[in-house]
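Biologist: Could you walk me through this model and show me how each label is earned? I would like to see the reasoning behind the words.

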Amino acid sequence: MYIHPAFRIDEAAGLAFAAARGFGLVVAHADGRMVASPLPFYIDQAAGGRWLAFHVARANRLADVAASGGRWLVAVWGADAYVSPHWYASPDQVPTWLYESVQLAGPVRVMTAAEQRAHLDRLSATFEARQAPRPPWAIERLTPARREAFMQAIVAIEMTVESVEGSFKLNQHKSDADHVAIARALAGQDDAGADAIAARMMALRPHLAYGPHLAYGQNLAYGQSETEADEQELAAVAK
């Protein structure tokens, strides 16, 4: 994917982001057409390499494509939000979209039956860990017949991760004044994605949260209206 130099993240950060998300769009190419499915996954890393593992329904076209191997791509995304030119502190701006995205690519192979069982245990354990302190669900809770039917209904696939590309477009190339203006505007939207992007932007330049006028507007949390806060900020800057 195209990545502006200001937004590129390193491979370690990209892998960590993808592993934490654990969900992405798996894309393959076969017979002159693209095939894709959104799927959960986990990532393994060792001295010998990096692997991403997932499974598909046996009826999924990806199952047939995987039998022939080939190089696939997994696109992982996080929060995203629209930015209006009206929100900038400086003039002559254009609309844009801020986002977090990582793409991983490499050759795939179909796992063996023994590997598939271990894969299912690992995948469920990965996501069930997020339910702690509730005891994790495990495949052993299924009846033997149900477990066998499930195993026959899926195909487990492993991708060797040969490349990792990540872009966190958070307006890193903008001035502090524009950075603050956009972060505040996003935080004021009734949208979870905008709120998440605002938090990421504030974390990039935490020093702007301090000083005489609390640039990000934390003072709004103490019961002030935005107008009152803005008036205090202007007064502080004028001193």
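Modeller: Happily; what follows takes salt bridges, then a surface patch, then helix packing, in a model that is predicted.

Biologist: What makes the contact between E11 and R50 a salt bridge?

Modeller: The closest N and O atoms of E11 and R50 are 2.7 Å apart, and the cut-off is within 4 Å, so the pair qualifies. E11 sits in helix α1 (residues 11-21) and R50 in strand β5 (residues 49-57), so to speak of distant parts of the chain is fair: the two are 39 residues apart.

Biologist: Why is R50 called buried?

Modeller: R50 has a relative accessible area of 18%, and buried means under 20%, so the word applies to R50. Its partner E11 has 37% relative accessibility; because that falls between 20% and 50%, E11 counts as partly exposed.

Biologist: How many salt bridges does a search of the whole structure find?

Modeller: Ten are found. Among them is the pair D44 and R122, with the closest N and O atoms 2.5 Å apart.

Biologist: What makes you say that D44 and R122 tie together separate parts?

Modeller: D44 lies in strand β4 (residues 42-46) and R122 lies in helix α3 (residues 113-128), so the salt bridge joins parts 78 residues apart in sequence. D44, at 29% relative accessibility, is partly exposed, and R122, at 31%, is partly exposed too.

Biologist: How do you know that R117 and E140 meet in a salt bridge?

Modeller: Their N to O distance is 2.5 Å, and the limit is 4 Å, so R117 and E140 pass the test. R117 is in helix α3 and E140 is in the loop between α3 and α4 (144-152), with their positions 23 residues apart in the chain. Relative accessible areas of 26% for R117 and 46% for E140 both lie between 20% and 50%, so each residue is partly exposed. In addition, R109, E115 and E158 are linked in a network of salt bridges.

Biologist: Which residues make the nonpolar surface patch?

Modeller: F23, L25 and W77 make the patch, which is about 240 Å². L25 belongs to strand β2 (residues 23-30). Patch residues need over 30% relative accessible area, and L25 has 31%, so L25 meets that requirement.

Biologist: Why are α5 and α6 called roughly antiparallel?

Modeller: Helix α5 (residues 176-187) and helix α6 (residues 192-204) pack at an angle of about 150°, with their axes 8 Å apart. Angles over 145 degrees count as roughly antiparallel, so the label fits α5 and α6. The crossing of α5 and α6 is left-handed.

Biologist: And what makes α3 and α4 roughly perpendicular?

Modeller: The axes of α3 and α4 cross at roughly 110° and come within 11 Å. The range for roughly perpendicular is 65 to 115 degrees, so α3 and α4 earn that description. Their crossing is right-handed.

Biologist: Where is A13, and how far is its C-alpha atom from that of V164?

Modeller: A13 is in helix α1. The C-alpha atoms of A13 and V164 are separated by 9.5 Å, although the two residues are 151 residues apart along the chain. With 33% relative accessibility, A13 is partly exposed, because the value lies between 20% and 50%.

Notes:
Residues numbered from 1 in each chain as written. Predicted model: local features only at pLDDT ≥ 70, side-chain atom pairs only at ≥ 80, totals over all residues. Heavy atoms only, no water. Salt bridge = Lys/Arg side-chain N within 4 Å of Asp/Glu carboxyl O. Helix = DSSP H or I, 4+ residues; strand = E, 2+ residues; numbered from the N terminus. Buried < 20%, exposed > 50% of the residue type's maximum accessible area, 1.4 Å probe, protein only. Patch = residues over 30% accessible without salt bridge, like charges linked within 9 Å, V, L, I, M, F, W, Y side chains within 5 Å. Areas by Shrake-Rupley, 256 points an atom, 1.4 Å probe, with all protein chains shown as cover. Axes fitted to C-alpha atoms, helices over the stretch in contact; angles between N-to-C directions. Parallel < 35°, antiparallel > 145°, perpendicular 65-115°, else oblique. Left-handed = near helix turned anticlockwise from the far one by under 90°.
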